[in-house]
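Visitor: Can you walk me through this one? I'd like to start with the interface.

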Amino acid sequence: MDFSILIQVIVAGLATGGVYGLIALGFVLIYKATSVLNLAMGEFMTLGAFICFTALTMIHVPFWIAFAITIVFAILLGIVIEPLILRPMIGEPVISVIMVTIGLGAILRGLMYMIWDPTYRAFPQIFPPKPLNLGFAVVPSGLLWGFIFAVITTIVFIFIFKFSRTGVAMRATANDQQAALSMGVSVKRVFALSWSFGAIAAVIGGIVIGNISGINIYMGDVGLAVLSVIILGGLDSIEGAILGGFIVGILQNLTGLYIDPLVGGGAKEVAPFFIVLIILMIRPYGLFGKVIIERV
Amino acid sequence: MRCGDFKENYIKDEEIFQSRFVKFWLALFFIFLIVFPFIANPHMLYIANMIGFAVIGAIGLNLLTGFTGQISLGHAAFIGVGAYTSAILVTKYGISFWLSIPLAGLVSALAGLVIGIPSLRVKGLYLCIATLAAQFIFGFIFVHWESMTKGITGIHIPPPSIGSFQFVTEKDFYWVTLFFTALAVGYARNLVRSRMGRAFVAIRDRDLAAEIMGINLFRYKLTAFAISSFYAGVSGALWVSFLKVVIPEHFNFMLCIQYLAMIIVGGLGSVIGSIFGAIFMTLVPEILNVLSDVVKSYAPDMGKLIIPFKQVVFGFLIVSFLIFEPRGLAEIWNRIKKFFTLWPFSY
């Protein structure tokens, strides 16, 4: 195997990993604050991509306005969905909480199918198509911009968490809801906000992935693959999500390079799930996740 | 007029048929099931068969998720394993259909044991992700192990037969389905009132407490996985024998959601709930089909919206049952029964 191909694949893996990290961040933001694993994340992504796409092609606004519309939409999505569907689920068993997000995903997917056809669409050109030549490897424009977007979003989120009032309130809630409540944090507001934040991460991920590989209503399946990232990094760890994103991105691309020719394709898509099973057997709480020890 | 429960010992409390009244109605129901194929048209029989497969599968999932509390997002994978095992055994090795059904269950149970292993270390969300991963891995195997599964072209299966009699039509197959469904329901109903069933419930309610009480978690969790997958395998094997073809598309993630919807709508941790759920979730798409035919006659291009609309209805049912009636149809059924038991003094 040519060495330069290997480097090329690893660089592509890093770029994909950035996007994975971003979507994983969406999972973690919601999980950390509300202890809900949102399996409708993939549908949030797809929805974001479609909203942006529609804004770009139907009302012909420039990209940054379409982007802003999508973000506003994501915020509204979080604010509406959390009190409507998730709040009644507080205190219910895990299966109910998971199933309610799956049900939500089914509703969203069905609605998207009804509004936009299940046909495949190419995203309009929004980034300069020139690939970046690093000398030892070439990064395609879509991946490059996707990576840049993902990194910027992640950094913005981290700053919000560290320094803004809202961010501190969110961290406090994640740490101890009772204490946060008694300090005057509105836990309800924080819950809704974390859903909005998660949705923002998802829709940006959706736009980026749509830009790389086109959009259709099934693109949300990536959202399930990203589960491997948060399992690897730990369900409640932001740094885990980012690092896990890179690792899974690279591993997935390496699988595509080495295993795919052996089995006739498809291994790349299923690789994250193998990773999940392996991690769960070896280190179930991931690299940075909170270790809960229960013994008899 | 019966008014309230007057049970003097536990044996009475655990009886399946608790009163003469229940026995009478059940006998009537059985007579109905036997008369049904003679009065129903082929389409109704087709639906009845589908309900039968769904009942077996849903009971399997309910034993694992509703009774033992181990969430499985990979039920379709086990259904697929059973389906493929039976199809391959029948077509490739010429084993009789009747033998292939229990064998399909066994192979499926084996797969369930393997996937169940993570359940010993992880639970809740983590287990749910592990089973989800298994679902996609099995989906991958179904497509890519072409020497066995013939990939996306699928396998065509001859109809089952006894001697020279072949179970070809919906009506013939109805008897096969009825036989296996009755067996599955009877076994599950008895299982849940046995020591094992109580152990399952104890694990669901609090696994550590169960372990302290002397329940071997390792053994019972894996048993739950094995039994659940056995049911799934049998259901899948019957299903594809009925359809006469098996393709990987059958066993996608949507099927998992469908089955989870069945047990949630029907009622977690209840055998009769699984039956209600299976009937309900099989009938809803049929009702929607009828509705869409009506709509189509007025607005022809609305017809293509029916597929996504089914998804929306599914999702909506799951969400609204979880929020408004978390114990499902079984609980509604109980309330209705109680109303009539205590009538006219119910309040």
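Guide: Here is a quick tour of the contact between the chains, then a surface patch. This is a predicted model: local features need pLDDT of at least 70, side-chain atom pairs need 80 or more, and totals for chains, interfaces and linings use all residues. Residues are numbered from 1 along each chain as written, chains are lettered from A in written order, and side-chain values use heavy atoms, without hydrogens or water.

Visitor: How many residues does each chain put into the contact?

Guide: Chain B gives 44 and chain A gives 47. Contact means heavy atoms within 4.5 Å.

Visitor: What area is buried there?

Guide: About 4,100 Å², with 83% from carbon and sulfur atoms. That is accessible area (1.4 Å probe) lost on putting the two parts together, summed over both. Leu125(B), Tyr126(B) and Ile129(B) supply 17% of what chain B buries against chain A, more than any other three residues.

Visitor: How many salt bridges cross it?

Guide: The rule finds 0. It wants a Lys or Arg side-chain nitrogen within 4 Å of an Asp or Glu carboxyl oxygen.

Visitor: New topic. Which element gives the most to the nonpolar patch on chain B?

Guide: Helix H2 of chain B, residues 20-39, with 11 residues. Helices here are DSSP runs (H or I) of at least four residues, numbered from the N terminus. Phe29(B) lies in helix H2.

Notes:
Helices (H or I, at least four residues) and strands (E, at least two) are DSSP runs, numbered from the N terminus.
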